[in-house]
Amino acid sequence: MSLRIDSLLIHGGTDGDETTGAVTVPIYQTSTYRQNGLGETRGWEYSRTGNPTRAALEKLIAELEQGEYGFAFASGLAAINTVLSLFKAGDRLVISDNIYGGTFRLLNNVFNNLGITYEIVDTSDASLIEKALDDSVKAVYIESPANPLLTVTDIAAAAEAAHRHGKLLIVDNTFLTPYLQRPLALGADIVLHSATKYLGGHSDTISGLAVVKDRELAERLYYLQNAIGGVLSPFDSFLVIRGIKTLGVRMDRHVWNAGQIAGWLEQSGYVKKVYYPGLESDPGYELQKKQADGAGAMISFELDDKYDYRRFFKELKLVTLAESLGGVESLVCHPATMTHAAIPEDIRRRVGITDELIRLSVGIEDAGDLIEDIRQAIEASAKG
Ligand SMILES: *Cc1c(COP(=O)(O)O)cnc(C)c1O
């Protein structure tokens, strides 16, 4: 029976435990496995190489992303690091002009030193991607909507452009999750996640995932996952599986709340600009509607000059000032000094990450309470 996503979230992958009938996947807290004789294993040898709890999560995320092979890592960046290790000195990547600050730091300060370089492109314009694809480029790396300006990139168009030139398309799908967007079905080759965010959903684990369809690519990634060793622990694998069970109901509420807040902000008179692809006024609105099942729950905005953004962060009572996103609780951050501080100031300015920019991860609290908190914090931060 082929299940729809709401059922797959709960019964996909390895549904419970064959041996005991337990309805949840057990935490196999073991480093190694008994071998009956030389070369006689029961399929498990050593938990870096493979662990049943991790394998259950890997199978689950592969099914959710409509891929074939899933990989779980100790963080989103460990997943990204492993995927970037597919490349070698002399290779170049074309990357979106706004991506997660930690991804940029890894490329700029680690892989750059190893001779793997990058070129920043406004990937929301597919013709600019195509223009950048010379021989040395091996892959296009995007987020959509991108962090923190929520710019939407046409994933199918990016895949076509990449494939016309024999390059890979890598998509970080953290902001939407497979519940709202399935990049592999749109033509991407590799999907990445920080499962720390919506998939885990409760701000209680650091974890990362990768999914591919292609067998040869999967074999290379599996080799790198084991060789590099940044694997997800059995306990954290359990937490992510548990989080995924409620992903659908959480995302529905996240997205509904975000729509309420973005709509309110836009007409409030308090802001200069709201970035949210669920708003009809947003340049990404039509494309977002076409390629995803919702606009997600990340909103960025700039307050009107009458208000002091530093003060605003202090005045919030319900919304928490913290790094991260995608948990049940609403979080707010200041990209220029927090999530995107690793991006040099000139690049930050050029791509539009201003000092005034505020990024909100809308949780699943009561939308009215959230609006009331944001309203009172803005009022309290009026200058002079
Ligand atoms: C948080 C995040 C990452 C990094 O994931 P960690 O789990 O923190 O290592 C990568 N991409 C995006 C879009 C993120 O939000």
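Author: Contact between a helix and a strand means heavy atoms within 4.5 Å. The model discussed here is predicted.

Reader: At about what angle to β3 does helix α4 run?

Author: Helix α4 covers residues 101-111. Three strands lie under helix α4, namely β2 (92-96), β3 and β4 (137-143). Relative to β3, helix α4 runs at about 135 degrees.

Reader: In what order do the strands of the seven-stranded open sheet stand?

Author: The pairing in this sheet is mixed, and the twist from one strand to the next averages 20 degrees. Read across the open sheet, the order of the seven strands is β1-β7-β6-β5-β4-β2-β3.

Reader: Why is one side of β1 and of β3 left without a neighbour in the sheet?

Author: Strands of a sheet pair through backbone hydrogen bonds, either parallel or antiparallel. β1 (69-73) and β3 (117-121) each have a single partner strand, so one side of each has no neighbour in the sheet. The reason is their position, at the edges.

Reader: Which residue in β7 stands opposite F71?

Author: β1 is joined to β7, residues 208-212, by five bridges. The two strands run antiparallel. Opposite F71, the residue in β7 is A210.

Reader: Which strands does helix α2 lie across?

Author: Helix α2 spans residues 52-64 and runs at about 130 degrees to β1. The loop between α2 and β1 holds Q66, a residue other than glycine with a positive phi, near 55 degrees. The strands that helix α2 lies across are β1, β6 (190-194) and β7.

Reader: Which residues come nearest to the ligand?

Author: The shell around the ligand divides into five nonpolar, six polar and three charged residues. There are 14 residues around the ligand, and those that come nearest are G76, D172, S194, T196 and K197.

Reader: How far is a nitrogen atom of the ligand from an N or O atom in the side chain of D172?

Author: Side-chain N or O atoms also approach oxygen atoms of the ligand, at 2.8 Å for S194 and 2.7 Å for T196. These pairs count as polar contacts within a cut-off of 3.5 Å. For D172, the ligand atom is a nitrogen, and the distance is 2.7 Å.

Reader: What share of the ligand's accessible area does the protein cover?

Author: On its own, the ligand has 380 Å² of accessible area. The element that gives the most to the shell is helix α3 (residues 76-84), with three residues. Of the ligand's accessible area, the protein covers 93%.

Reader: What is the omega of the cis peptide bond from N147 to P148?

Author: P148 lies in the loop between β4 and α6, and P145 is found in the loop between β4 and α6 (155-164). The peptide bond from S144 to P145 is cis, with omega near -5 degrees. The bond from N147 to P148 is cis, with omega near 5 degrees.

Reader: Which residue in β11 is the bridge partner of T320?

Author: Five strands form an open sheet of mixed pairing, in the order β8-β9-β12-β11-β10. Its edge strands are β8 (271-275) and β10 (320-321), each pairing on one side only. β10 pairs with β11 (residues 331-333) in the parallel sense, over two bridges. The bridge partner of T320 in β11 is L331.

Methods:
Residues are numbered from 1 along each chain as its sequence is written. This is a predicted model: local features need pLDDT of at least 70, side-chain atom pairs count only at pLDDT 80 or more; totals for chains, interfaces and linings use all residues. Side-chain values use heavy atoms; hydrogens and water are left out. A residue is near a molecule or strand if one of its heavy atoms lies within 4 Å of it. A polar contact is a pair of N or O atoms within 3.5 Å; within protein, one must be able to donate a hydrogen and the other to accept it, and residues adjacent in sequence count only if both atoms are side-chain atoms. Accessible areas come from the Shrake-Rupley method with a 1.4 Å probe; for residues, only the protein chains shown count as cover. Helices (H or I, at least four residues) and strands (E, at least two) are DSSP runs, numbered from the N terminus. Ala, Val, Leu, Ile, Met, Phe, Trp, Tyr, Cys and Pro count as nonpolar, Asp, Glu, Lys and Arg as charged, and the others, Gly among them, as polar. Two strands pair if DSSP finds at least two bridges between them. Axes are lines fitted to C-alpha atoms, for helices over the stretch in contact, and angles run from 0 to 180 degrees between N-to-C directions.
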